[in-house]
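Colleague: I have a model open that is new to me, and I would like to learn how to read it feature by feature. Could you take me through it slowly?

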Amino acid sequence: MRPVFRTKLCDLLGIEYPIVLAGMGSRGKATPPALVAAVSNAGGLGVIGGSGLEPEQLRDAIRRTRELTDKPIGVDLILPGNIPKDTPLTRSEVRRQIEERYPEHAAFVRNIMTEHGFGPHPVDNEFVVANTTGADGSTPGSSNRNMLQQQVDVTMSEDVQVFAAGLGDPSWVTPLAHERGMVMMGLAGSPRNAERQKQAGVDIIVAQGYEAGGHTGWIASLPLIPQVVDAVAPMPVLAAGGIVNGRGVAGALSLGAAGVWVGTAFLASEECDIHDEHKRQIAEGRSQDFDIRKVYTGKTMRSFKNAAIKAWDDAGLDTLPMPYQKILMDDFNSAAAAANRHELHSNPAGQGAGGITAIRPAAAIMEDLVTGAIAALNDVNAKVEI
Ligand SMILES: Cc1cc2nc3c(=O)[nH]c(=O)nc-3n(C[C@H](O)[C@H](O)[C@H](O)COP(=O)(O)O)c2cc1C
């Protein structure tokens, strides 16, 4: 028999356990249908990281997930606060401008490729660029209003129960989602952002601490979660950042959260489609191996500290403004992947990786989170006299 472990979040989302797979946008590789469905089937909520998928790829991902589960699922999209008007700024044009205005940066990428023995392999598309891509810095799309609008339209027209808004302002999506009976979540890295998300009409706040993998802010989970819980009460809050076992889940509940939003722990699942090298870094790395830099995307992002990051630190260059840094490094990522040098690629994950030692089926990870949380809560009860 499955253990009982419920909070009010379970009723709100129609799920068995208050555990949500974080939507991770990595061209569909971090949250493939098999992983999303496995988490939902195990009683949690699986969320597709849709930000790096073109609209029809997103539709396909949703439908393939639906073939594997009839339980609630969600889609996460990154909604930029200020969407640039359809600027005709293609990758080629950005590259040309980098060569012209930032020759040192262009030389940095050329040199590091030469040093590691591989040549250029630029990203093979001309999508208009902006700041709406997934955390691994290698996504092609979701880059203008039309693309984003289409991603939202696809999500609204498919069988999806939850919409999660990564960065940005979800106020234009909330009415659409609510009209369709969907639950809206909004990510926040500070109490102020959480209040903004609440004003934008979301139903649940995801409070994401500094420890988290991917794009993240500067406030650690321990101080962040109670502050967000107080700021938006009585709205339910999901705790995110550094939660990789049941003790983390129990801790999050003690801080006032109604559930958890877990990324890195599920990157270390058999169903996850990220490269094996990325999984190896998570299984073998220590917490301090995952650090925050702006090098890959131009925004603060926690990823495995590799030789490319070390070279960037040594070079002492400033981060280029949007979208230049990302376009520069997209081409580097593309070249590293083509040369099968995935240890140099942008590989985001959180500090929680230090507590992960194996790649396991998602259902086993879910089971440990649930039984571990129950054991930790019982343990606290047993050892505290009140
Ligand atoms: C590979 C990767 C990609 C991510 N992509 C997104 C994204 O597209 N949208 C988003 O809202 N959050 C994204 N995140 C952040 C997660 O949603 C989540 O907040 C974070 O993984 C939680 O911390 P943890 O990794 O310590 O569990 C990403 C995180 C990782 C590790």
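Modeller: Let us begin with a single pair of residues, bearing in mind that this is a predicted model. Ile48 stands opposite Val75 in strand 3, and this pair belongs to a ladder in which strand 2 and strand 3 (residues 73-77) run parallel and are joined by four bridges.

Colleague: Into what order of strands does that ladder fit, and which strands are at the edges?

Modeller: To read a sheet, one follows the pairing from strand to strand. Here the order is 1-9-8-6-5-4-3-2, an open sheet of eight strands with parallel pairing. Strand 1 and strand 2 (46-49) are the edge strands, each pairing on one side only. On average, neighbouring strands of this sheet are turned by 25 degrees against each other, direction ignored.

Colleague: Which strands are joined to strand 9 by bridges?

Modeller: Strand 1 (residues 19-21) runs parallel to strand 9 and is joined to it by three bridges, and strand 8 (residues 237-240) is likewise parallel to strand 9, again with three bridges. Trp261 is a useful landmark in strand 9, since Val20 stands opposite it and Ala240 also has Trp261 as its bridge partner. The connection can be followed too, for strand 8, helix 10 (residues 246-254) and strand 9 make a right-handed β-α-β unit.

Colleague: Are the faces of strand 9 covered or open?

Modeller: To judge this, one takes the residues on each side of the strand in turn. In strand 9 (residues 259-262), Gly259 and Trp261 on one side are buried, as are Val260 and Val262 on the other, and both faces are therefore covered, a residue being called buried if 20 or more other C-beta atoms lie within 10 Å of its own.

Colleague: What is the order of the three strands in the antiparallel sheet, and why is one side of strand 7 and of strand 10 left without a neighbour?

Modeller: Those three strands form an open sheet in the order 7-11-10, and the pairing is antiparallel. Strand 7 (214-215) and strand 10 (290-293) stand at the edges with a single partner strand each, so one side of each has no neighbour in the sheet. Between strand 10 and strand 11 (residues 301-304) there are four bridges in the antiparallel sense, and within that pairing Ile292 has Arg302 in strand 11 as its bridge partner.

Colleague: How is the chain divided into domains, and how far apart do their centres lie?

Modeller: A domain need not be one continuous stretch, as this chain shows. Domain 1 is made of 8-84 + 138-276 + 356-383, and domain 2 of 91-129 + 285-338. The C-alpha centres of the two domains lie 28 Å apart.

Colleague: How many residues surround the ligand, and of what kinds are they?

Modeller: The ligand is surrounded by 32 residues, of which the closest are Gly25, Gly166, Gly214, Gly263 and Gly350. Sorted by kind, this shell has 13 nonpolar residues, 16 polar and three charged.

Colleague: Where do the cis peptide bonds lie?

Modeller: The angle to look at is omega. The bond from Ala233 to Pro234 is cis, with omega near 5 degrees, and Pro234 has its place in the loop between helix 9 (221-232) and strand 8. Another cis bond joins Met322 and Pro323, where omega is about -5 degrees; Pro323 is in the loop between helix 13 (307-315) and helix 14 (324-338).

Colleague: Is Arg27, with its positive phi, buried or exposed, and what of Asn340?

Modeller: Arg27 is not a glycine, yet its phi is positive, about 50 degrees, and this residue lies in the loop between strand 1 and helix 2 (33-41). Arg27 counts as buried because it has 20 C-beta neighbours inside 10 Å. Asn340, in the loop between helix 14 and helix 15, has a positive phi near 60 degrees, but Asn340 is exposed because 11 other C-beta atoms lie within 10 Å.

Colleague: How far apart in space are Ala364 and Ala42?

Modeller: Sequence separation and distance in space have to be read side by side. Ala364 and Ala42 are 322 residues apart in sequence and 9.0 Å apart in space, C-alpha to C-alpha, whereas Gly14 and Glu104, 90 residues apart in sequence, are 53 Å apart in space. Ala364 itself is found in helix 15 (residues 362-383).

Terms used: Residues numbered from 1 in each chain as written. Predicted model: local features only at pLDDT ≥ 70, side-chain atom pairs only at ≥ 80, totals over all residues. Domains from an automatic or database assignment. Near = placed C-beta within 6 Å. Nonpolar A, V, L, I, M, F, W, Y, C, P; charged D, E, K, R; others polar. Buried ≥ 20, exposed ≤ 12 C-beta atoms within 10 Å, placed from the backbone. Helix = DSSP H or I, 4+ residues; strand = E, 2+ residues; numbered from the N terminus. Pairing = 2+ DSSP bridges. Right-handed = clockwise from strand over helix to strand, strands pointing away. Axes fitted to C-alpha atoms, helices over the stretch in contact; angles between N-to-C directions.
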